[in-house]
Amino acid sequence: MSKLGEKVSLDWAKIGFKYRNTDFRFRAKWDNGQWDVGRLVEDSFIKLSEGAPALHYAQQCFEGMKAQTAKDGRILLFRPNLNAERMRRTAERLLMPSVPDGLFIEAVEQVVRANHRWVPPFGSGASLYIRPMLIGVGENLGLRPAEEFEFRVFCSPVGPYYSEGGLGSISLAVSQYDRAAPQGTGSYKAGANYAAGLLATKDAIALGADEALYLDSRDRRFIDEAGSANILVLIDGDTLVTPASNAILPSITRRSIMILAETDLNLKVEERAIDLREEFESFVEMAACGTAAVLSPVKRVWFDDEWHDVGRSPETPIMQSLYDKLVGIQSGILCDPGHWVHPIAL
Ligand SMILES: Cc1ncc(COP(=O)(O)O)c(C=O)c1O
């Protein structure tokens with residue numbers, strides 16, 4: 001199924017990162033202990049009971065991924081199997097039925113194919129953001145899991161998440177709030193984590209930052225992550241360090257960049273606790289990474305009531321190289337030895 005016709009007419013360079021109601025979304029229902037086959041629908045509204053556990057107890061989770069047009073016209077997903085796996089893991093934590101990987105990938109492919117005219121062209125700087133979500137529906141008042149669930153996948157063309165775009169740099173402000181408790185749900189993509197972060201983001205923006213930066217909630221010393229991205233730090237010029245924390249979302253982008261850093265740039269890579277105040281002076285480069293953020297160098301960090309500049313130079317050559325490698329693979333320009341890109345047959 002797809003609406004015939006030319007690409008939609010949008011000024012791709014200026015579309016921003018926002019919801020656009022595209023032609024089709026995929027919907028599958030879980031009832032009586034099993035998933036139905038699911039199908040594409042045109043209705044962007046979900047009709048659900050006011051007693052739905054997704055609404056009261058945040059029994060819901062989601063994923064975020066992108067499809068891009070390659071130079072040769074193919075449409076590419078990036079490591080969608082890892083999104084399927086992460087959603088399974090989150091669903092188990094929140095007592096929701098897992099979406100089988102086959103259903104997950106099939107749904108994503110159907111949505112991209114059906115909304116083909118919304119996929120931004122190669123070189124436009126924009127991509128098709130895909131949002132799989134799993135919500136507890138049905139009706140329930142007591143604090144217990146839903147008995148019915150909906151798995152839905154919709155998509156929306158988007159530009160860069162941060163206003164700069166490309167490899168534009170950003171600033172982060174350490175939040176006074178905690179994102180996730182050490183044994184909490186921080187490593188799962190549960191909507192509840194994000195509701196709690198809205199105020200931190202608002203405060204960060206009021207300070208002139210792009211995003212909040214969270215420290216570990218036990219000691220408030222070690223870097224956890226940003227509001228919607230993981231953190232990478234280049235130390236000593238040849239070591240790429242990323243926080244070891246079980247309270248952060250295991251980013252697929254970060255996992256991929258750490259591999260590229262080691263194999264393509266011959267950097268040492270480390271996953272360990274990073275003490276922000278003690279180690280800040282040794283940061284040569286710093287970046288936020290994620291599906292939406294891609295890889296955005298961080299040039300300033302707000303903590304202890306003042307701004308601190310990252311590194312001694314405004315240039316971020318290592319982050320630039322990592323960005324070029326990552327985006328090159330994601331858009332089909334560079335070879336893909338790990339078979340990370342997943343072409344969608346049109
Ligand atoms: C809190 C948080 N951390 C990190 C990421 C980056 O994860 P990924 O690279 O899998 O998109 C995201 C975005 O998905 C996120 O919301």
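Guide: Welcome! A nonpolar core is a set of buried Ala, Val, Leu, Ile, Met, Phe, Trp, Tyr and Cys residues joined through C-beta atoms within 7 Å. Please keep in mind that the model we are looking at is predicted.

Visitor: Thanks! Which residues touch the most other members of the largest nonpolar core?

Guide: In soluble globular proteins, nonpolar side chains tend to be buried together. Here the largest nonpolar core holds 91 residues. The members that touch the most others are V111, I130 and L134.

Visitor: Which strand gives the largest share of this core?

Guide: The largest share amounts to seven residues. They come from the strand that spans residues 127-137, namely β7.

Visitor: Where does this core lie with respect to domain 1 and domain 2?

Guide: Domain 1 covers 12-158 and domain 2 covers 170-330. Since both domains give residues to the core, its place is between them.

Visitor: Let us zoom in on V111. Which residues is V111 in contact with, leaving aside neighbours within four places in sequence?

Guide: One contact is I130, which is also among the three core members touching the most others. With the sequence neighbours set aside, the full list for V111 is F24, R25, F26, I130, V153, F154 and C155.

Visitor: Now the ligand. Which helix gives the most to the shell around the ligand?

Guide: The ligand is surrounded by G64, E225, S228, A229, N230, L249, S251, I252, T253, R254, G290 and T291. These shell residues divide into three nonpolar, seven polar and two charged. The top contributor to the shell, with three residues, is α6.

Visitor: I noticed an unusual backbone angle in the loop between α6 and β14. Which residue lies there with a positive phi although it is not a glycine?

Guide: Most residues other than glycine have a negative phi. The loop in question runs between α6 (252-263) and β14 (268-271). Its residue with a phi of about 55 degrees is N266.

Visitor: Is N266 buried or exposed?

Guide: A residue counts as exposed if 12 or fewer other C-beta atoms lie within 10 Å of its own. N266 has 8 such atoms, so N266 is exposed.

Visitor: D304 also has a positive phi although it is not a glycine. Where is the place of D304?

Guide: The phi of D304 is about 50 degrees. With 8 C-beta neighbours inside 10 Å, D304 counts as exposed. Its place is the loop between β16 (294-303) and β17 (306-309).

Visitor: On to the strands. Which residue of β18 stands opposite I75?

Guide: I75 belongs to β6 (residues 75-78), where I75 and L77 on one side and L76 and F78 on the other are all buried. β6 pairs with β18 (residues 341-344) in the antiparallel sense over four bridges. Opposite I75 stands I344.

Visitor: Which residue takes a positive phi in the hairpin of β5 and β6?

Guide: β5 (residues 65-69) and β6 run antiparallel, joined by three bridges, and A67 stands opposite L77. Five residues lie between the two strands of the hairpin. The one with a positive phi near 90 degrees is G73.

Visitor: Finally, β9. Which residue in β16 is the bridge partner of S171?

Guide: Five of the five residues of β9 (170-174) are buried, with I170, L172 and V174 on one side and S171 and A173 on the other. β9 runs parallel to β10, through three bridges, and to β16, through four. On the β16 side, the partner of S171 is R300.

How values were computed:
Residues are numbered from 1 along each chain as its sequence is written. This is a predicted model: local features need pLDDT of at least 70, side-chain atom pairs count only at pLDDT 80 or more; totals for chains, interfaces and linings use all residues. A residue is buried if 20 or more other C-beta atoms lie within 10 Å of its own, exposed if 12 or fewer, and partly exposed in between; C-beta atoms are placed from the backbone. Domain bounds come from an automatic or database domain assignment. Two residues are in contact if their C-beta atoms, placed from the backbone, lie within 7 Å. A residue is near a molecule or strand if its C-beta atom, placed from the backbone, lies within 6 Å of it. Ala, Val, Leu, Ile, Met, Phe, Trp, Tyr, Cys and Pro count as nonpolar, Asp, Glu, Lys and Arg as charged, and the others, Gly among them, as polar. Two strands pair if DSSP finds at least two bridges between them.
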